[in-house]
Amino acid sequence: MIDLNDRVAIVTGAGRGIGKETATLLAEQGADVVVTDVIPEIEDVGEAVEERGANALVHELDVTDYERAQDVVEDTLEEFGRIDILVNNAGIFPTATLEEMSPEDWQQVIDINLTGVFNCTKAVLPAMEDQGYGRIVNISSASGGHVGWSGDLSHYAASKGGVVGFTRSAAIDLGPKGITMNAIVPGMVDTGAAEEVSEEEEIEAAVAMTPVGRQGDPEELASSIVYLASEPAAFITGASLVVDGGLTLV
Ligand SMILES: NC(=O)c1ccc[n+]([C@@H]2O[C@H](COP(=O)([O-])OP(=O)(O)OC[C@H]3O[C@@H](n4cnc5c(N)ncnc54)[C@H](O)[C@@H]3O)[C@@H](O)[C@H]2O)c1
């Protein structure tokens, strides 16, 4: 049984998709949730958190903005007094072959998907160290080292592989401080985001490669994230939990 009563969580990219489901599931389990994103839908997600009986704080946060992340943490501490959980979920996945990819395209993906994880982690660490307790969950991707997936995602693959490397090394640093850090490695998840950048045939091909024969539901990702964010997951750190319907097995 996961009990997150009296816990406080920050979720990035919580306006839709996996982040939204994670924010609401954290609330269902009792946590107060700081809902952050760059889209206005965070207001609705904040309401959904409160409908589950938890407190919500809604903040615009672009994860590439190091100072803004610090401000959000400051507000969180003023409102709730502690930070137990950080879910580094915000991410983009634009497609471009290497020929098409400009240095700006490359940099934007690295800035959001990888540097964003660093920025938000740095922001929460002082509070977690003071508490001697923290759970950080970073969202990687199967394309970050487990499967090649597609030839037009090399910037994305580099960023998500970077998330796994960051997670493994930082977990060694953080373990003695009572803080765990783990990565979730999703396969294809039905959030609509992949459809925005991929052809229907590409999605169908990825589903055909997935032994369970379908995309994952965002709720199925959220439940794994919430487990790693819970107290009973104390002995798991530096791990990559693959949640992919078997995609990376074949
Ligand atoms: N959907 C999939 O198939 C899949 C597969 C593997 C990994 N992932 C990863 O899971 C995470 C969530 O994906 P999703 O499918 O829910 O995508 P999504 O597009 O539905 O949600 C991502 C959220 O991140 C936010 N975001 C974008 N740039 C931001 C920024 N600079 N600062 C803060 N927030 C920002 C977006 O506004 C959006 O709400 C991402 O990191 C993604 O790379 C998704």
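These exercises work through the strands, cores and charged pairs of a predicted model.

**Exercise 1. The sheet**

Find the order of the strands in the open sheet, and name the edge strands.

Solution.
- Step 1. Count the strands. The open sheet has seven.
- Step 2. Read across it. The order is β3-β2-β1-β4-β5-β6-β7, and the pairing is parallel.
- Step 3. Look for strands that pair on one side only. These are β3 (56-60) and β7 (240-243), the edge strands.
- Step 4. Follow the twist. From one strand to the next it averages 15°.
- Step 5. Check one pair. β4 and β5 (residues 134-139) run parallel and share four bridges. Here Leu-86 stands opposite Ile-136 in β5.

A general point helps here. Sheet strands pair through backbone hydrogen bonds, in a parallel or an antiparallel way.

**Exercise 2. Helices on the sheet**

Which strands do α1 and α3 touch or lie across, and at what angles do they run?

Solution.
- Step 1. Take α1. This helix lies across β1, β2 (32-37) and β4. Its direction is at about 175° to β1.
- Step 2. Take α3. This helix packs on the sheet and touches β1, β2 and β3. Its direction makes about 165° with that of β3.

**Exercise 3. The nonpolar cores**

Describe the largest nonpolar core, then find another core apart from it.

Solution.
- Step 1. Start with the general rule. Nonpolar side chains tend to be buried together in soluble globular proteins.
- Step 2. Size the largest core. It has 31 residues. Leu-26, Val-33, Val-49 and Ile-184 have the most contacts inside it.
- Step 3. Ask which elements feed this core. At least two residues each come from β1, α1, β2, α2 (42-51), β4, β5 and α8 (218-228).
- Step 4. Zoom in on Leu-26. Beyond its neighbours within four places in sequence, its contacts include Val-11, Val-33, Val-87 and Val-226.
- Step 5. Find the other core. It lies apart from the largest one and has 24 residues, including Val-34, Ala-69, Leu-86 and Ala-90.

**Exercise 4. A residue at the edge**

Is Val-243 buried or exposed, and what does it touch?

Solution.
- Step 1. Place the residue. Val-243 is in strand β7.
- Step 2. Use the cut-off. Buried means under 20% relative accessible area. Val-243 has 19%, so it counts as buried.
- Step 3. List contacts, leaving out residues up to four places away in sequence. Val-243 touches Ile-184, Val-185, Pro-186, Gly-187, Glu-220, Leu-221 and Ser-224.
- Step 4. Compare space with sequence. Val-243 and Ile-184 are 59 residues apart along the chain, and their C-alpha atoms are separated by 7.0 Å.

**Exercise 5. Salt bridges across the chain**

How many salt bridges are there, and which parts of the chain does the Arg-7 and Asp-84 pair link?

Solution.
- Step 1. Count. There are eight salt bridges.
- Step 2. Take Arg-7 and Asp-84. Their side chains meet at 3.1 Å, N to O. Arg-7 is in the segment before β1 (8-11), and Asp-84 is in the loop between α3 (66-80) and β4 (85-88), 77 residues apart. Both residues are buried.
- Step 3. Widen the view. A network of salt bridges links Arg-7, Arg-82, Asp-84 and Glu-231.
- Step 4. Turn to Glu-196 and Arg-16. Their closest N and O atoms are 3.3 Å apart. Glu-196 is in α6 (residues 193-197) and Arg-16 in the loop between β1 and α1 (17-28), so the bridge ties together parts 180 residues apart in sequence. Glu-196 is exposed at 56%, while Arg-16 is partly exposed at 41%.
- Step 5. Add Lys-177 and Glu-129. Here the closest N and O atoms are 3.7 Å apart. Lys-177 is in the loop between α5 (154-174) and β6 (179-186), and Glu-129 is in α4 (residues 103-131), 48 residues away. Both are partly exposed: Lys-177 at 32% and Glu-129 at 36%.

**Exercise 6. A charge without a partner**

What is the nearest side chain of opposite charge to Lys-160, and how far away is it?

Solution.
- Step 1. Place the residue. Lys-160 is in helix α5.
- Step 2. Find the nearest opposite charge. That is Asp-37, 13 Å away.
- Step 3. Apply the cut-off. A salt bridge needs the nitrogen and oxygen within 4 Å. Lys-160 is buried yet has no salt bridge.
- Step 4. See what surrounds it. Beyond neighbours within four places in sequence, Lys-160 contacts Asn-113, Ile-139, Ser-140, Ser-141 and Gly-144.

Note on methods
Residues numbered from 1 in each chain as written. Predicted model: local features only at pLDDT ≥ 70, side-chain atom pairs only at ≥ 80, totals over all residues. Heavy atoms only, no water. Buried < 20%, exposed > 50% of the residue type's maximum accessible area, 1.4 Å probe, protein only. Lys, Arg positive; Asp, Glu negative; His and termini not counted. Contact = heavy atoms within 4.5 Å. Pairing = 2+ DSSP bridges. Axes fitted to C-alpha atoms, helices over the stretch in contact; angles between N-to-C directions. Core = buried A, V, L, I, M, F, W, Y, C linked by side-chain atoms within 4.5 Å.
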